[in-house]
Amino acid sequence: MRLKLAVIPGDGIGPEIVREARKVLDKVAGIYGHETEAVEVLMGGASIDAYGEPLTEESLEIIRKQDAILMGSVGGNPATSPWYKLPPEKRPEAALLRLRKEMGLFANLRPAYLYKELKGACPLRDEIIGDGFDMMIMRELTGGLYFGARKTEEVDGLLTAVDTLTYNENEIRRIARRGFDIAGKRRKKVTSVDKANVLDSSRLWRKIVEEVARDYPDISYEHMLVDNCAMQLVKDPRQFDVILTENMFGDILSDEASMVTGSIGMLSSASLNDTKFGLYEPSGGSAPDIAGQDLANPLATILSGAMLLRYSFDLDKEADAIESAVQQVLAEGYRTGDIMSEGCTRVGTKEMGSLVAERIS
Ligand code: NAD
């Protein structure tokens, strides 16, 4: 298969971690008989320096012709970088919002997977962790409270603020379908999270999820109220497979779920539209404090590469190969500084990438 990729190294640690993810993807492609065709695109601070804006029309045009994007992260240190003297719409992060909008990336996926080798970083008790957990938070990314009309005005002499939470049935249906599709590639369970005891938008969410569920008879599903879900995530995280939820609930729950897995350097993510196109990137930022020092953990980006193969190209075997190689490297005791613990071998960004690539089979 030909894998047409836009590669956005980004800023800070971005170029270092993306280079290692490409090393691993190229190795997988070689072994499994695929061909990667990667075109590098500047975005964020790097694009501001080169062209005066964080994402150019030309870059977008190139991106539109590819099947998927592999990205580092964009941005610098807001306290010291000249990029933050620019107006907000010209800053590095504006490129991300534009890219999501232009490509219609409405479904955000964040796996929360606890490697047993990294159990020490999990703040939960041993009996709760058990053999570890493996869940996927599926968050609607382009609707809901963050995109609704808002205003602050004086009403009867009192300052009053209004935010609007709107979803239409199509927006709910498309994310629900994505959630059930993804569950089909996993343990076949969807937990749809809402606040249907209070909110109309949640009652519609629940109704549409039930309709969609009828088309997926082999996938079990349940509804859970968001407050209960927040509790269950720390009480019994092993019960979850796919958590399907709207934008704001997903924002909060995905951070909670990722915290219980430990390091930010391990967290991959994907944002998908209604085709196979997707943007794959680590959940963390550009970590300017450690950029250029061979200190960054490339595993989140490498694991984002596995998601890219699985969700944009349906190459499940190849994605499994990357995930197993990462597991093996951790089991052998190799660690970057952020996940280092006693008795392990400390390695840099490049060596970590090479160790994973060498173990692909
Ligand atoms: P950050 O995630 O970059 O860093 C937070 C801490 O985590 C730092 O101590 C950093 O060294 C560490 N860290 C992050 N990734 C790591 C990795 N792979 N390996 C080891 N350690 C890692 O968050 P921040 O400092 O708040 O933000 C820095 C810049 O990144 C800002 O400009 C911010 O806007 C941007 N940002 C970009 C994205 C994105 O591109 N999607 C996301 C979040 C933040």
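User: In which loop is the place of Asp156?

Analyst: In this predicted model, Asp156 has its place in the loop between strand E6 (150-155) and strand E7 (158-163). Phi of Asp156 is near 50°, which is a positive value in a residue other than glycine.

User: Why is Asp156 called exposed?

Analyst: The word exposed is kept for a relative accessible area over 50%, and because Asp156 has 78% relative accessibility, Asp156 counts as exposed.

User: What makes Lys188 partly exposed?

Analyst: Lys188, whose place is in the loop between H6 and E8, has 32% relative accessibility. Buried means under 20% and exposed means over 50%, with partly exposed in between, so at 32% Lys188 counts as partly exposed. Phi of Lys188 is near 65°, again a positive value in a residue other than glycine.

User: How do you know whether Asn170 is buried or exposed?

Analyst: Asn170 is found in helix H6 (residues 169-184), and its relative accessible area is 51%. The cut-off for exposed is over 50%, therefore Asn170 is exposed. Asn170 and Ile208 are 38 residues apart in sequence, and their C-alpha atoms are 8.9 Å apart in space.

User: Why is Thr191 called buried?

Analyst: Thr191 lies in strand E8 (residues 189-194) and has a relative accessible area of 0%. Since buried means under 20%, Thr191 is buried. Leaving aside its neighbours within four places in sequence, Thr191 is in contact with Glu222, Met224, Phe240, Val242, Ile243 and Leu244.

User: What makes the pairing of the side chains of Thr191 and Glu222 a polar contact?

Analyst: A polar contact needs a pair of N or O atoms within 3.5 Å, one able to donate a hydrogen and the other to accept it, and the side chains of Thr191 and Glu222 are joined by such a contact of 2.7 Å.

User: How do you know that Cys229 is in no bond with Cys122, the cysteine with the closest sulfur?

Analyst: A disulfide is a covalent bond between the sulfur atoms of two cysteines. The cut-off for calling a pair a disulfide is within 2.5 Å, whereas the sulfur of Cys229 is 16 Å from the closest cysteine sulfur, in Cys122, and is therefore too far for a bond. In keeping with this, a search of the whole structure finds zero disulfides.

User: Why do Cys122 and Cys229 count as buried?

Analyst: With the limit for buried set at under 20%, Cys122 counts as buried because its relative accessibility is 7%, and Cys229 is buried because its relative accessible area is 0%.

User: Which residues of helix H12 are buried, and what do they pack against?

Analyst: In helix H12 (residues 349-358), the residues Thr349, Met352, Gly353, Leu355, Val356 and Ala357 are buried. The buried residues of H12 pack against helix H1 (14-32), helix H10 (299-312), helix H11 (316-331) and strand E13 (334-335).

User: Which residues are closest to the ligand, and what makes Glu93 a polar partner of it?

Analyst: The ligand is surrounded by 21 residues, of which the closest are Gly76, Glu93, Gly285, Ala287 and Asn297. An N or O atom in the side chain of Glu93 is 2.4 Å from an oxygen atom of the ligand, and the cut-off for a polar contact is within 3.5 Å. A polar side-chain atom of Asp289 also lies 3.0 Å from an oxygen atom of the ligand. The protein covers 67% of the 810 Å² of accessible area that the ligand has on its own.

Key
Residues are numbered from 1 along each chain as its sequence is written. This is a predicted model: local features need pLDDT of at least 70, side-chain atom pairs count only at pLDDT 80 or more; totals for chains, interfaces and linings use all residues. Side-chain values use heavy atoms; hydrogens and water are left out. A residue is near a molecule or strand if one of its heavy atoms lies within 4 Å of it. Accessible areas come from the Shrake-Rupley method with a 1.4 Å probe; for residues, only the protein chains shown count as cover. Buried means under 20% relative accessible area, exposed over 50%, partly exposed in between (1.4 Å probe, protein chains only). Helices (H or I, at least four residues) and strands (E, at least two) are DSSP runs, numbered from the N terminus. Contact means heavy atoms within 4.5 Å.
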